[in-house]
Amino acid sequence: MKPATLAVSFLSLFAAFAQDKMLPQSPPAAPPPRTWDVNYRDLEPQLERQLADAPNSLEIMDELARVYRALAKYDKAAELYRHALELREAAAGRVSIDLAPALENLARISQLLRKPADAEIMYARAIGIREATQGPDHPDVAAEYSALARLFFIQHKFVDAEPLYTRAIQILEKNYGPTDPKLCSALDNLASDYLQESKFDQAELLLRRSLIIRDMSAGPIHPEVANSLDSLASLYYGQKRFAEALPLYERSLQIWLTLLGPDHSVVATSLDNLAVVYAMLQNYPQAEKLYQQALKIRDGEDASSLHNLALVEEGLKKDTEADGLYKRMVAMPLKDPATPLREYAELLRKMHRPVEAAKMEQRAKMSPDKPKQ
């Protein structure tokens with residue numbers, strides 16, 4: 001939608017088109033902790049020599065396969081996992097519980113090799129073994145159902161994933177009760193699946209339940225509570241229920257400020273999310289203030305915040321400020337340069353600078369649009 005071509009004021013138009021451009025962001029994930037304080041490349045030849053001396057050692061096979069996986073040598077890892085599985089089957093039979101971890105490892109490596117059908121077979125076998133040996137309501141069975149559901153989910157087989165996530169929740173409830181925090185991940189996973197199926201009411205109920213459980217178990221100031229608030233707020237945002245998203249993002253921001261302090265990148269993301277909602281509610285001065293705070297944390301060089309703040313400045317009829325923000329943004333390396341270039345061109349034409357606008361339009365034509373997801 002191009003604002004310059006419509007016979008309405010920018011402020012009335014802003015809420016109609018900006019939601020497609022302003023999106024809440026997820027806080028950057030913390031890097032996973034290192035579980036092995038080793039140099040994988042040094043460890044690889046050592047384990048290969050040990051395996052050559054003891055070719056049937058399952059312990060060495062498992063260690064070497066993990067090293068291959070860490071080094072992205074997935075074919076080699078899969079070969080070792082398969083051989084280890086064969087040896088375990090020969091020693092203990094095809095329904096031994098000892099096979100379950102080997103099947104899980106092989107399923108994960110099959111996913112990395114983009115062989116989802118093979119992974120599905122491994123997970124299904126692991127489920128059958130665990131149900132036969134541990135009972136159908138064991139927590140480990142719930143974990144297997146969740147793993148297979150995730151496999152379906154990433155393949156966009158949302159209908160297939162739904163009953164598996166549901167079964168995992170039933171098992172966890174039976175073992176731990178309806179308010180145990182061990183349920184939260186399963187509830188969140190099923191909510192994500194419901195969202196993909198456009199079952200928004202069901203997703204909302206699960207996200208609200210997950211938030212309540214975390215609030216009760218972890219206390220009001222906890223990162224998992226903040227993440228639950230963000231998830232529920234994002235659902236409301238997607239449904240244009242901005243007034244309901246607002247207090248959730250506000251509370252999330254206060255949690256992150258308390259836990260991380262005012263200068264952390266996660267706080268900047270939280271400020272952005274809250275600013276988006278204020279903009280949707282046409283409270284542009286408050287949105288402007290929050291975006292400026294976020295940019296200050298990021299030293300003013302975040303393209304997403306620059307873009308959103310430029311839109312807000314236009315909404316406030318501060319075209320000169322918007323001009324400066326667009327100028328900085330289009331000078332940065334962008335994943336999708338065509339969109340901001342076209343928007344900047346529209347602003348320049350509104351400011352009666354047609355020559356500069358034409359240059360931006362030409363640059364936009366030379367920059368292919370980002371593919372639609």
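**Helix packing, question by question**

Tutor: In this predicted model, α7 and α8 are roughly antiparallel to each other.

Student: Why are α7 and α8 called roughly antiparallel?

Tutor: Their axes cross at roughly 160 degrees. Angles over 145 degrees count as roughly antiparallel, so the label fits. The two axes come within 8 Å, and the crossing is left-handed.

Student: Which residues of α7 meet α8?

Tutor: On the α7 side, they include V141, Y145, L148 and F152. Among their partners in α8 are F158, L164, I171 and Y176. The residues of this contact divide into 16 nonpolar, two polar and three charged.

Student: What makes E44 buried?

Tutor: E44 has a relative accessible area of 8%. Buried means under 20%, so E44 qualifies. E44 lies in helix α2, residues 40-53. Leaving aside residues up to four places away in sequence, E44 touches L64, V67, Y68, L71, K73 and K76.

Student: How do you know that the reach of α9 is close to the expected one?

Tutor: Helix α9 spans residues 184-196, 13 residues in total. From first C-alpha to last, α9 reaches 19 Å, against an expected 18 Å at 1.5 Å a residue.

Student: What do the buried residues of α9 pack against?

Tutor: They pack against α7, α8 and α10. The buried set is C184, A186, L187, D188, L190, A191, D193 and Y194.

Student: What happens just after α9?

Tutor: There, S198 takes a positive phi of about 60 degrees.

Note on methods:
Residues are numbered from 1 along each chain as its sequence is written. This is a predicted model: local features need pLDDT of at least 70, side-chain atom pairs count only at pLDDT 80 or more; totals for chains, interfaces and linings use all residues. Side-chain values use heavy atoms; hydrogens and water are left out. Helices (H or I, at least four residues) and strands (E, at least two) are DSSP runs, numbered from the N terminus. The expected span of a helix is 1.5 Å times one less than its number of residues. Buried means under 20% relative accessible area, exposed over 50%, partly exposed in between (1.4 Å probe, protein chains only). Contact means heavy atoms within 4.5 Å. Axes are lines fitted to C-alpha atoms, for helices over the stretch in contact, and angles run from 0 to 180 degrees between N-to-C directions. Angles under 35 degrees count as roughly parallel, over 145 as roughly antiparallel, 65 to 115 as roughly perpendicular and the rest as oblique. A crossing is left-handed if the near helix is turned anticlockwise from the far one by less than a right angle, and right-handed if clockwise. Ala, Val, Leu, Ile, Met, Phe, Trp, Tyr, Cys and Pro count as nonpolar, Asp, Glu, Lys and Arg as charged, and the others, Gly among them, as polar.
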